[in-house]
Every structure is written in C-alpha cells, then in structure tokens.
Amino acid sequence: MGKFQVIDHPLIQHKLTIIRDKNSGTKVFREVVDEIAMLMAYEISRDLPVEEVEIETPMMKSVQKQLAGKKVAIIPILRAGLGMVDGILQLIPAAKVGHVGLYRDEETLEPHEYFVKLPDDITSRQLLVVDPMLATGGSAVMAIDALKKRGASNIKFVCLVAAPEGVKVLQEAHPDVDIYTAALDDRLNENGYIVPGLGDAGDRLFGTK
Ligand code: URA
C-alpha cells in the first residue's frame, strides 16, 4: 500500500483555516491555496534522490549534492487542480505540467475524460497529480487511470482536504500511489461535499457559482 500522509505543519493548518472560512474571498483563497501548495511541495519533495557532483567554490574543489533521478511533472485535474500548480512550481520550477480534464455524466455520475494533454516523457517522470479536494475519489481514480493507460507508473496524489471515503476508494483502486493531504476531514455529505470542508474549491478559486 502507498503512503498516506497528512502534512499538518502549523503554517499549513493556519492557512487551511483561512481558506475554509466562508468569508475569505477569491483573492485570498487563490493566494493561500498557492502558499499551501508550495509548503506541501517542500514536504513531498523530501525523498527526491540526490547525487554527488564536483564543483569549485571560490575556495576549493568540493563534492556537493544535487537533485538526481526522475524529473517531476505536475498534473492538475481540471479545473480546481490548476490552483495548486503555481505554488508547486515555485519550489520545482523545471517541472513540466500536464492537464487532465474530466466531466461527470449527469445520469450515471461516472467521470469521463474530455481533455488529456501530457508531457511526452511522463513514463520517466515523477508525477504529482493535484486536486484540492479528494471527495468520492472518482475523479482521482479516473485521472490516474488516464495516466497509467499512457504508461505512467510513478505517481503521487496531492490534495488539500480529503474525505475518508475518497482515501479508501483511491487506495483500493491505486494501491501504488502515495497520497498527501493537508487535512483529513470527517466525511462526505449527501451531495458529495466534504464536511467541514471548504465548499466548492473550483468556484472559490475562480469566483464562479
Ligand atoms: N469538490 C469540491 O470542490 N468540494 C467538495 O467538498 C467536494 C468536491
């Protein structure tokens, strides 16, 4: 089973409280999502491999460390996942960005792919699939299906708020995928919203209703 980690650094907890507050408007919501995503990227990148490299300081030749191994790609699930991309790019600026768009069939409630555009070397990259809310898990599972179908294998899922139901669904469908969240909330309500949650992440990020 992949790792499940709640990244509950005090700064992240504080910022999460700000975005949960219904009185925080679009500008604040967007800025703070960005900040939380950056802080999460710091923790998630902790196990990136490093290698030794010889450089010359102004004083002498010296063997030091640099990042090695797999390069990173960030894959936001449209639309709310877009809100987490810039924050992660602040720490991993060379990351490529792919997009996965899904829609939910009104009748069957099943998600379907409508847009998938990925870097052509996803099979050799560490992929960070990002979506602020892990609710039913349906979109996360389908997005990761879409990536695996195209050869990806090294995948971490990063969200801000997770429901226990979604974590279970994702772990069962993709036991190889590590899941990182800033908070594990109580449950889903009857409309599929996470409670206490923060409402509709896409609407709050983009100022729609
Ligand atoms: N998507 C959201 O934006 N919010 C939820 O609470 C659940 C799914």
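Tyr-103 sits in strand β6, which covers residues 99-104; strands are DSSP runs of E with at least two residues, helices are runs of H or I with at least four, and both are numbered from the N terminus. The model is a predicted one, where local features need pLDDT of at least 70, side-chain atom pairs count only at pLDDT 80 or more, and totals for chains, interfaces and linings use all residues. Residues are numbered from 1 along each chain as its sequence is written, and side-chain values use heavy atoms, with hydrogens and water left out.

## A nonpolar patch on the surface

Let's stay with Tyr-103 for a moment. Tyr-103 counts as partly exposed because its relative accessibility is 43%; here buried means under 20% relative accessible area, exposed means over 50%, and partly exposed lies in between (1.4 Å probe, protein chains only). Together with Tyr-114 and Phe-115, Tyr-103 makes a nonpolar surface patch of about 330 Å². Patches are built from residues with over 30% relative accessible area and no salt bridge, joining like charges within 9 Å and nonpolar side chains (Val, Leu, Ile, Met, Phe, Trp, Tyr) within 5 Å. The areas come from the Shrake-Rupley method with a 1.4 Å probe, and for residues only the protein chains shown count as cover.

## Salt bridges

A salt bridge here is a side-chain nitrogen of Lys or Arg within 4 Å of a carboxyl oxygen of Asp or Glu. By this rule the count comes to 13 salt bridges. Three of them are set out here.

| Pair | Closest N to O |
|---|---|
| Asp-185 and Arg-20 | 2.7 Å |
| Glu-31 and Lys-27 | 3.1 Å |
| Lys-148 and Asp-176 | 2.8 Å |

What does the salt bridge between Asp-185 and Arg-20 tie together? Asp-185 is in the loop between β11 (178-184) and β12 (187-188), while Arg-20 is in helix α1 (residues 10-20), so this pair links parts that are 165 residues apart in sequence. Asp-185 is buried, at 7% relative accessibility, whereas Arg-20 is partly exposed, with a relative accessible area of 24%.

Glu-31 and Lys-27 form a pair inside one helix: both lie in α2 (residues 26-44), 4 residues apart, or about one turn of the helix. Glu-31 is partly exposed at 37% relative accessibility, and Lys-27 is exposed at 57%.

Now for the pair formed by Lys-148 and Asp-176, whose side chains meet in a salt bridge. Lys-148 belongs to helix α4 (residues 138-149) and Asp-176 to the loop between α5 (164-173) and β11, so the two tie together parts that are 28 residues apart in sequence. Both ends are partly exposed, Lys-148 at 29% relative accessibility and Asp-176 with a relative accessible area of 41%. Elsewhere, Asp-47, Lys-156 and Asp-178 are joined into one network by salt bridges that share partners.

## Pockets and a cavity

On a 1 Å grid over the protein atoms alone, a cavity is a set of points where a 1.4 Å probe fits but cannot get out; a pocket is an open set with protein on both sides within 12 Å along at least five of seven lines, and lining residues have an atom within 4 Å of a point. Grid points are joined across faces, edges and corners, and a volume is the space filled by probe spheres set on the points.

The largest pocket has a volume of about 1100 Å³. Of its 33 lining residues, the closest to its centre are Arg-104, Asp-131, Ala-135, Ser-139 and Asp-200. At least two lining residues each come from β4 (71-78), β6, β7 (111-117), β9 (133-134), α4 and α6 (201-206). Helix α4 gives the largest share, 5 residues. The lining divides into 17 nonpolar, 8 polar and 8 charged residues; Ala, Val, Leu, Ile, Met, Phe, Trp, Tyr, Cys and Pro count as nonpolar, Asp, Glu, Lys and Arg as charged, and the others, Gly among them, as polar.

The second largest pocket holds about 260 Å³ of space. Of the 14 residues that line it, Leu-48, Leu-67, Lys-71, Val-72 and Ile-92 are the closest to its centre. Its lining comprises 9 nonpolar, 2 polar and 3 charged residues.

A search of the whole structure finds 1 cavity of 30 Å³ or more, and the largest cavity has a volume of about 50 Å³. The largest cavity is lined by Ile-44, Ser-45, Leu-48, Val-72, Ile-92, Gln-126, Leu-128 and Lys-156.
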